[in-house]
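Subject: Structure handover

Hello,

I am passing on the structure below, with notes on what was found in it. Please have it open while you read.

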Amino acid sequence: MTRKLSAFSYQLSVIFLLLIMGAVVDYGQPVDKKTMAERVRAEFKHSWDGYKEYCWGHDDLKPISKACRDWYGQTILMTPVDALDSLYLLGFKDEADKTREYIDKNLSYDKDIEVQVFEITIRELGGLLSSYQITGDKKLLALADDLGTRLLPAFNSPTGMPYRFVNLKTGKTRDAVSNPAETGTLLIEFGTLSKLTGKPIYFEKAKRALVETYNRRSDIGLVGEEINVETGKWVNTDSHVSGGIDSYYEYLIKCSILFGDNDCRDMWEESISKVHSFLADEGTTLSKTNRTGTMATGDLWYGHADMNTGKRTATTTGALDAFFPAILVLDGDTNRARALQDSLFSMWRVNGIEPEVYDYRTGQTVYPGWPLRPEIVESTYYLYSKTHDAKYLAMGKEMFDDAVKYCRTDVAYAGLKSVVTKEKTDYMHSFWLAETLKYFYLLFAPEKTVDLKTSVFNTEAHPIKRTWK
Ligand code: DMJ
């Protein structure tokens, strides 16, 4: 009798626990992948058609005024180059072929413009290389080689870490104060360019820049937010995994995978253990009622600390930080990846779209913008690929529905000035097409649309295949 009773009360507590969990994390109805993949394709087409109708031949579309933006006064076809591999992957082959032919005929880097090395590398160099691998179009590789050559003078600093800007015609550089994301997020693209052209210089320059950044880590193994590439001294010692540092960590692990590079593997292993030790906040459960009336719960977050003392400087995170679960999946650390993703998704749910900066201790939205960022979608895709847990499909669907609801315009998609008020900005970043919609699609598309075993995504979601030994 007592045994029966205790079995009964055990069952009751399990049901009670499940009910509570259901109330805490409600992922709704099962998701039909096929339907979702088609919905993503339709919104991609809507965005692409808007760009084409109003800004064909320019860099980016302003989706409210229907005006165009060229980053440096003259076009370098930012949106077409960044979106080209998405056109292929999402199955818009005719459109992709026409776009590729247009790029072949019209793109020239022989321009007297000062470009930001990091942005041009991840969006254009990465885009050209990935599309070259998909199509075999040699003109794309020639463009990448030409661009790589024009970017090389940026590395001519006393430390080997690149200046932030370089003139594509004259090689003149400027802006010595940079950051680990900009000095350390070049090796996938430059390294691949070396492998595909047989010119070792690209790999050597970018790897040195990454190693020089790592070599300047503090005694406790952290890097800061700003560094002077001429003196090698840190200008800002705040350490975190957010903007300014984020993809430095991403490239340490990805370059070890893509190139089988043991130095990258060692740098990654040393770095990630310090990130866990000094930046992770565990058990900082916050309780804030979100729009679904459920409680946002996060038991793992990554905050800010001083790179020298390890002392906590801020308990903020945000949209950019949301790449980190994906990296943890690549590291085989699925438990941390799952926990962090739950935290970040609860941040998403507070306003129904994630903010740029969010304080996970107080539950305050610190900076409310959302420029259509991909990172949390990217992590959802990696987690689903790894675990096949349907909860990630439901997360992805909820985020996609939110983006459609708040960011769709009559001609394309617009970022948000505020995730609180949902006021829009007049801008559609090329990464909406290159990354955000690509990761949404890959989450719902047939597996192996991109094989994560043989390909590595650069930080702009351009898949690079290891075709070399
Ligand atoms: C992209 O250009 C890249 O993902 C970069 O690493 C960070 N910022 C944007 C997207 O948020």
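The notes go from the whole chain to one sheet and then to two residues.

This is a predicted model, in which local features need pLDDT of at least 70 and side-chain atom pairs count only at pLDDT 80 or more, while totals for chains, interfaces and linings use all residues. Residues are numbered from 1 along each chain as its sequence is written, and side-chain values use heavy atoms, with hydrogens and water left out.

Whole chain

The chain holds 16 helices and 18 strands; helices (H or I, at least four residues) and strands (E, at least two) are DSSP runs, numbered from the N terminus. Its radius of gyration is 22 Å, which agrees with the value near 23 Å for a compact globule of 469 residues. That radius is taken over C-alpha atoms, and the globule rule is 2.2 Å times the number of residues to the power 0.38. Along the principal axes, the C-alpha atoms fill a box of roughly 85 × 50 × 45 Å.

Of the 469 residues, 60% count as buried (under 20% relative accessible area, with exposed over 50% and partly exposed in between; 1.4 Å probe, protein chains only). Among contacts (heavy atoms within 4.5 Å) with a separation of 6 or more, 70% are between residues 24 or more positions apart.

One sheet

Strands pair if DSSP finds at least two bridges between them. One open sheet has three strands in the order S6-S7-S8, with antiparallel pairing. Strand S6 (177-178) and strand S8 (234-236) are at the edges with a single partner strand each, so one side of each has no neighbour in the sheet. Strand S7 (residues 226-228) is joined to S8 by two bridges, and Ile227 stands opposite Trp234 in S8.

Two residues

Thr425 lies in the loop between helix H15 (390-407) and helix H16 (430-444). Thr425 counts as partly exposed because its relative accessibility is 23%. Its C-alpha atom is 8.6 Å from that of Lys62, although the two are 363 residues apart along the chain. Beyond its neighbours within four places in sequence, Thr425 is in contact with Ile64, Ala414, Gly415, Leu416 and Lys417.

Ser194 is part of helix H8 (residues 187-197). With a relative accessible area of 7%, Ser194 is buried. Not counting residues up to four places away in sequence, Ser194 touches Lys199, Pro200, Ile201, Tyr202 and Phe203.

Regards
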